[in-house]
Every structure is written in C-alpha cells, then in structure tokens.
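This report covers strand pairing, internal space and one loop residue. Please look at the model first.

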Amino acid sequence: MTREETLLQQALTAARAKHELTARDLFLEVVEINPRNEIAWMWLIGLLDDLDDCIYACEMVLNINPHNGQTRQYLAQLQAKKQKQLVEQRRVYEKQVRRAIELAKAGQRETALGLIRDAAQKSELSPEAWRLFADLSSDMDEQVHALKNLLALTPQDVKARETLGRLSHLRQNPHELAAIYEEQGNIDKAIEFYNLALMQPHLKKQWRSIDRKIIMLKFRQGENIAHVSPGTSVARLAAGPPLLYFFMLLIHVGINPLAAPEPILWLEFLFTVFGGFLIAFASIRSHHRLWFLLFKDVSTGGTPLARTSMATAGWMLVLLPFLHLFYTAIQRLFDFFQHAF
Amino acid sequence: MLPLNDSEPNRYSAFPFMTLTLILVNTTILFWELSLPENLLRGVFYIFGSTPSLMWARQGAGIISTITSMFLHGGTFHLLGNMLFLWVFGRRVEDACGPLRFLLFYLLAGTSSDLITALVLPHQDIPGIGASGAIFGVMGAYLLLFPEGHIRTLWFLYFIPTWPKIRAFWFIFYYLGIQIIPAMDIYLHSAQYSVGYWAHIGGFLSCFSILLFLRPEAFARYMSNVAV
C-alpha cells in the first residue's frame with residue numbers, strides 16, 4: 001500500500017467518524033502527494049470552510065473528471081453565491097468610499113484615508129477613489145500603488161501620469177525625497193531615505209554631506225524641535241530684501257516719501273517683494289502646489305535646474321531696483337558735485 | 001571691557017566667510033584712507049559719510065553714502081575696536097544665517113542705524129562714519145539668538161588684566177546701557193559727542209529683523225527654545 005492510499009484510508013475513516021479537521025488535513029496531504037486524486041478533492045469540497053477554496057476544489061474535481069455533473073452543478077451554485085457576496089461587498093465598499101470622499105471634503109483627511117485604505121485592500125476601487133487615495137496618502141508606496149491602479153483604469157489621465165513620473169523620480173533619488181521629508185518635519189522618514197541615498201552608487205560624491213545630514217537629524221530627534229512649515233519659511237525669507245530696499249529708499253527720498261514721490265522707485269519695491277519671494281521659494285524643496293503651477297512640465301516638482309532658474313530670476317528682480325536706486329544716487333552725487341564746484 | 005572671543009563652535013558652517021570678508025574690506029579701506037592727504041580725507045568723509053541734514057535735503061550721495069559710511073573709519077583704533085566686536089559676535093550670527101543673508105542683515109542694520117540717526121537728529125551736519133551701527137545690530141542679533149552665550153572678556157582691575165567668561169547678556173546690555181545717557185543728552189540738550197550713540201541704538205533696534213534672515217533650521221530651533 002502506498003503512502004497516498006494509507007493517508008486516504010485514514011482520512012476517510014476520520015471523516016466518517018466526524019473528525020472533520022483531522023480528515024481535512026489528511027485529504028490536503030493526499031492532494032499534495034497526488035493533485036489528481038478525485039476522491040480527496042470531492043471530500044475536500046465538503047470539508048473546506050472558505051468559499052474560494054471550495055470553488056477551487058470543485059474546479060480541480062472537474063479538471064480531473066469533466067463528466068462529474070453533480071460537482072458542476074454544485075460549482076455553479078457556489079459561483080452564484082460568490083457573485084452575490086461580491087455584489088454585496090462592493091456595495092458596502094462603495095458606501096465606504098463615498099463616506100471617505102465626504103470626510104476628505106470636510107477636511108478629515110486621516111479618517112478618510114483610513115476608510116479608503118481599508119476599501120482598497122478588500123475591493124476594486126473606482127478611478128475617483130484611487131485618485132483620492134493617492135491624494136490623501138503621504139506614503140510614497142501607497143501613492144504609487146494608487147496611481148498605477150488609477151492609470152490602469154484611466155490611461156489617459158495626464159496629471160496622474162505626471163505625478164507617477166515625479167514619484168518614480170523621487171524613488172530613484174532618495175536624497176531629494178529625504179530633503180522633502182525633512183522639510184515636512186518627518187525626521188524618521190528623512191533619516192530612512194538619507195540612509196537609502198547612502199547606498200546609491202550615483203550619489204557617492206555626496207556621501208559625506210548626506211552622512212553629516214543623518215548625524216544632524218539624529219541629533220535633532222532628541223531635541224524636540226518644532227516643525228516650521230515651508231510656507232512660513234518662504235514668507236519669512238522673502239521679507240528680507242524688500243525690507244532692506246524699503247529702508248534704503250526711505251533714506252534716498254529724504255525720509256519723507258510725500259516730499260519726493262519717486263513713483264518708479266516705489267513701484268520697484270514690488271519687484272523686490274516678488275524677487276524675494278522667488279529666491280525664498282527656490283530654496284524650498286517640498287513638492288509644493290506652486291511648483292506645478294509654474295513648472296507643469298517638470299516631472300519632479302523642482303529639479304535643480306528649475307530651482308536655479310527661479311532663484312536667478314528672483315535675484316535679477318531684486319538686484320534691478322537696487323541697481324536703479326544706486327544709479328539714481330550716483331546721478332544725484334554728480335549734481336551735488338556740479339553744484340558745489 | 002573688551003570682548004575677546006566666543007569659544008562656542010559653529011553649528012552649520014566651518015568658515016565665517018562673510019564676517020572675515022567684511023573685516024578685510026573695512027581694513028583695506030582704512031589703509032586707503034590712511035594714504036590720502038588730510039584735506040581730501042575730510043572731503044571723502046563729507047561725501048561718503050552719512051550726514052542727516054544732507055539726507056533730509058536729498059543732497060549728496062544719498063543711499064550710497066549710507067553704505068559707504070559703514071566701511072569708513074576714523075582711525076586704526078576705531079577700526080580695531082569695531083572689527084573685534086564684529087568678529088566676536090558676527091561669527092555665530094553668520095553661522096545661523098549663512099553668509100549672503102548675514103550680509104543683507106548687516107546692511108539692513110547699518111541702514112537702520114542711519115535712519116534712526118536721521119529721524120532723531122535731522123539737523124546734524126557732521127558726517128557719521130563707522131561700522132558700529134551695523135555691529136550693534138549684530139550684537140542685538142547675538143543676544144536674541146544666543147541668550148545663554150558666554151563671551152571671554154578683557155577687564156582691567158587696577159591695571160591688572162583679567163579675562164573671565166561672562167554672559168553675553170550682561171556684556172551687551174552694559175554696552176547698550178552706556179549709549180543711552182549720552183544719546184538722551186544729545187537729544188535733549190543738543191550735546192556734541194564724537195560717537196554716534198543714536199546710530200548704535202538704531203542699529204541695535206534692527207536686531208529683531210534677524211529672524212527674517214535665519215536658516216530654516218536655525219529658525220525652527222529659535223522657535224522651539226533650543227540653542228540656535
């Protein structure tokens with residue numbers, strides 16, 4: 001007697017004695033030894049708990065013996081039951097997604113994310129739900145997963161494709177991603193991605209600076225430093241050049257702007273405001289909405305080239321009014337000399 | 001009482017590029033001044049020093065004289081004193097800002113000191129020269145950013161030199177304090193002094209603007225009450 005036959009005998013005895021769990025395990029061992037054992041599969045149909053497993057067992061029986069009409073009939077019943085279950089489940093998850101959309105609109109992003117994450121694990125989502133999932137999640141793997149699913153359903157979605165391209169770029173350049181996390185105040189993630197960047201061969205030249213960053217961030221972890229949002233940093237850093245220009249202009253117009261209006265010089269104050277903003281903004285690495293408004297074609301949301309261009313434009317806008325101011329001052333100095341001598 | 005050094009190391013950068021550049025530029029200009037005949041030097045001070053009465057009358061070099069006055073000094077000791085203060089207090093303030101932003105802050109402090117002088121003493125026709133207005137701004141910024149900082153200071157007790165480390169807080173307030181009485185004397189009694197006390201106070205007042213020039217991390221540290 002072979003081992004397969006012995007196990008089958010033991011399984012049948014256990015099944016008849018109503019020892020269902022033992023019988024199921026023994027039948028499973030049998031089909032492991034011989035996947036074409038029809039009797040074992042037949043018994044398993046009745047012994048397995050999970051609907052999908054039962055369907056699989058039926059399919060195996062029909063695969064071995066296509067003329068087994070009773071099993072075919074039972075399989076049809078199981079499939080109908082499964083279909084009904086799926087419809088019911090989809091209805092529940094659709095309701096869950098709708099609730100998540102409402103919560104997201106109401107600003108409860110975390111709760112909405114929890115609901116949609118749960119729904120995505122258990123059911124197929126609509127394009128709108130995948131889009132929302134990508135938007136809500138701050139985890140890059142989840143975002144990529146959601147965007148891939150979204151693009152599978154709507155391949156013509158240009159925005160999703162661009163975002164996916166940008167995320168893929170950041171995945172290949174973990175030091176950029178780490179800098180973004182650092183700016184967002186997520187120090188753990190920043191350290192994780194800086195460590196990942198250390199392993200990238202193309203970043204070998206930056207190894208020392210990245211290593212120094214990691215040490216500083218680890219040091220910061222213990223210091224409980226408040227996070228300052230990139231928006232605040234932009235507003236703060238942008239104010240310096242205009243303030244200097246304002247003071248200088250006040251001196252130039254003899255403290256009293258009404259006595260000598262100099263409208264062009266005052267108009268140029270706006271240049272320094274905008275220029276200061278551009279310079280400050282160029283130093284921020286977060287994938288901020290404004291990057292997309294200004295550099296729609298830049299897949300990374302802020303390449304070094306884009307940032308350099310922005311900073312250069314900013315410096316030009318800032319320097320121009322200062323140069324004009326100095327030019328006016330030089331002219332005045334010549335007038336003064338002519339008057340004096 | 002003179003500051004000697006601040007022994008705390010830099011946090012962000014190893015080399016105080018802009019502080020040293022400013023010291024170098026000021027020193028070079030003093031050498032140039034020393035090479036000029038006295039009459040010409042007086043003319044240079046008049047044109048390129050900052051004179052409130054000219055400023056109000058919109059005459060002279062205007063904003064150019066505000067900038068140039070920050071780099072002119074009346075003599076070697078004037079320069080040495082100012083540069084010593086700039087070195088002691090500027091190094092760590094520059095470290096917290098970065099060189100370019102530190103330069104902007106330095107110019108802003110100098111400009112602010114000129115503005116305050118012009119507002120308080122609009123009829124003054126003696127040109128103001130020296131970096132001390134801007135340096136008071138740097139000292140104020142130091143106080144704001146490093147309130148726990150300690151400065152090694154040279155004292156003379158009955159002609160015996162000592163150099164204890166004292167809190168920057170006391171040192172800076174001492175220097176600010178000795179500006180106030182003569183400044184009030186100038187304002188109330190039109191007294192004549194050879195020191196620009198109001199320029200010092202004006203520069204000091206601009207110290208709050210340092211918050212606009214700090215590196216993001218230094219600002220976050222400042223906001224968290226952690227050593228910048």
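In strand 3 of chain B, P161(B) is the bridge partner of F156(B). The model is predicted. The F156(B)–P161(B) pair belongs to the antiparallel pairing of strand 2 with strand 3 (residues 160-162) of chain B, which 3 bridges hold together. These two strands form a hairpin with 2 residues between them. There, Y158(B) takes a positive phi near 50°.

**Strand 2 and its partners**

Strand 2 of chain B covers residues 150-157. Its pairing with strand 3 is one of those listed here. Strand 1 (residues 2-5) of chain B also runs antiparallel to strand 2. So does strand 4 (residues 165-167) of chain B. The table gives the bridges for each pairing.

| Pairing in chain B | Direction | Bridges | Example pair |
|---|---|---|---|
| Strand 1 and strand 2 | antiparallel | 3 bridges | N5(B) and R152(B) |
| Strand 2 and strand 3 | antiparallel | 3 bridges | F156(B) and P161(B) |
| Strand 2 and strand 4 | antiparallel | 3 bridges | I151(B) and I166(B) |

Two of these pairs deserve a look. R152(B) in strand 2 is the bridge partner of N5(B). I151(B) stands opposite I166(B), a residue of strand 4.

**Cavities**

How many cavities of 30 Å³ or more does the whole structure hold? The search finds 2. The largest cavity has about 80 Å³ of space. Its lining counts 15 residues. The closest to the centre are T51(B), L54(B), M55(B), G62(B) and S65(B). Three helices of chain B each give two or more residues to this lining: helix 2 (38-48), helix 3 (52-56) and helix 4 (63-69). By residue class, the lining of the largest cavity has 6 nonpolar, 8 polar and 1 charged.

**F15(B)**

F15(B) sits in the loop between strand 1 and helix 1 (17-34) of chain B. Is F15(B) buried or exposed? Its relative accessible area is 53%. Exposed means over 50%, so F15(B) counts as exposed.

Which residues does F15(B) touch, leaving out those up to four places away in sequence? They are L20(B) and E94(B). E94(B) is 79 residues from F15(B) along the chain. The C-alpha atoms of F15(B) and E94(B) are separated by 9.6 Å. F15(B) thus combines an exposed position with a contact to E94(B).

Conventions: Residues are numbered from 1 along each chain as its sequence is written. Chains are lettered from A and ligands numbered from 1 in the order in which they are written. This is a predicted model: local features need pLDDT of at least 70, side-chain atom pairs count only at pLDDT 80 or more; totals for chains, interfaces and linings use all residues. Side-chain values use heavy atoms; hydrogens and water are left out. Two strands pair if DSSP finds at least two bridges between them. Helices (H or I, at least four residues) and strands (E, at least two) are DSSP runs, numbered from the N terminus. On a 1 Å grid over the protein atoms alone, a cavity is a set of points where a 1.4 Å probe fits but cannot get out, and a pocket is an open set with protein on both sides within 12 Å along at least five of seven lines; lining residues have an atom within 4 Å of a point. Grid points are joined across faces, edges and corners, and a volume is the space filled by probe spheres set on the points. Ala, Val, Leu, Ile, Met, Phe, Trp, Tyr, Cys and Pro count as nonpolar, Asp, Glu, Lys and Arg as charged, and the others, Gly among them, as polar. Buried means under 20% relative accessible area, exposed over 50%, partly exposed in between (1.4 Å probe, protein chains only). Contact means heavy atoms within 4.5 Å.
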